[in-house]
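Reader: Hello! I am new to this structure and would love a close look at one part of it, the helices and how they meet. Could you walk me through that?

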Amino acid sequence: MKKFLLPLLFLFLFLLESLFVQYLPAGLFGRNRIVAPHFLFAALLFLTIFVGKKQGIIYAAIFGLLFDIVYIEVIGIYLFLFPLITYLVSKIMQTMQANIFIAFLVSLFGIALLEIGVYEMYRLIHVTTLDFMSFMNLRFYPTLIFNAAFIIIVGYPLKRQFEKHAEALRDE
């Protein structure tokens, strides 16, 4: 039963993102602002920080592919970026102590990399014509603020859950 809790948690966060987008009031962050919740990705980064690189990258690849299939027109963007950023976060965490404050900062850094990476890929394939400064003001800053609030709220429970999971893996 316990081995299904982690995939169910990620599946729940995956679904919660789409529900949040659907039911979030349009003018919450001001007129014409775009907010992209990255609940799933934040949890993947916490998994990488508190459990390990291997599990983080595997889950990132699986849910990156699922994200591309369900939500995105171009298959491969999230499949590529989720594991890549997860790997970078695991390398950063080799030099830092895994505590909640560092996890918060590194997760926000990972979300920032994801947002900029998706924007740059869309610019590369001409899906968007938005210039970089407009992107920063309309999407990047509101998204970081919103996801920072999410991480502040659920960061500690995620940390505790993933530490228990890591301990259970060591005991097997």
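Author: Happily; what follows goes from helix packing to salt bridges and then to a surface patch.

A word on the basis comes before the tour. This is a predicted model, in which local features need pLDDT of at least 70 and side-chain atom pairs count only at pLDDT 80 or more, while totals for chains, interfaces and linings use all residues. Residues are numbered from 1 along each chain as its sequence is written, and side-chain values use heavy atoms, with hydrogens and water left out.

Let us start with helix H2, residues 39-50. Helices here are DSSP runs of H or I with at least four residues, numbered from the N terminus. Two packed helices are described by the angle between their axes and the distance between the axes. The axes are lines fitted to C-alpha atoms over the stretch in contact, and the angles run from 0 to 180 degrees between N-to-C directions. H2 packs against H3 at an angle of about 160°, and their axes are 7 Å apart. That makes H2 roughly antiparallel to H3. H2 also packs against helix H5 (residues 100-124), here at about 130° with the axes 9 Å apart. H2 and H5 are therefore oblique to each other. For these words, angles under 35 degrees count as roughly parallel, over 145 as roughly antiparallel, 65 to 115 as roughly perpendicular, and the rest as oblique. H2 passes H3 in a right-handed crossing, and the crossing of H2 with H5 is right-handed too. Right-handed is the word when the near helix is turned clockwise from the far one by less than a right angle, and left-handed when it is turned anticlockwise.

From H5 we can step across to H6. The structure holds 2 salt bridges, each a side-chain nitrogen of Lys or Arg within 4 Å of a carboxyl oxygen of Asp or Glu. One of them joins Glu 115 and Arg 139, whose closest N and O atoms are 2.6 Å apart. This pair links distant parts of the chain, with Glu 115 in helix H5 and Arg 139 in helix H6, 24 residues apart. Glu 115 is buried at 2% relative accessibility, whereas Arg 139 is partly exposed at 22%. Buried means under 20% relative accessible area, exposed means over 50%, and partly exposed lies in between (1.4 Å probe, protein chains only).

The other bridge pairs Glu 163 with Lys 159, at 2.9 Å from N to O. These two are 4 residues apart in helix H6, so about one helical turn separates them. Glu 163 is partly exposed at 30%, and Lys 159 is buried at 14%.

Helix H6 covers residues 132-171 and includes Phe 132. This Phe 132 is partly exposed, at 35% relative accessibility. Between Phe 132 and Glu 120 there are 9.0 Å from C-alpha to C-alpha, with their positions 12 residues apart in sequence.

Finally, back to H3 and the surface. Leu 65, Ile 69, Val 70, Tyr 71, Ile 75 and Leu 79 form a nonpolar patch with about 520 Å² of accessible area together. Such a patch joins nonpolar side chains (Val, Leu, Ile, Met, Phe, Trp, Tyr) within 5 Å, from residues with over 30% relative accessible area and no salt bridge, while like charges are joined within 9 Å. The areas come from the Shrake-Rupley method with a 1.4 Å probe, and for residues only the protein chains shown count as cover. Helix H3 (residues 53-71) gives the most to this patch, with 4 residues. Ile 69 is found in H3, and Ile 69 is exposed at 53% relative accessible area.
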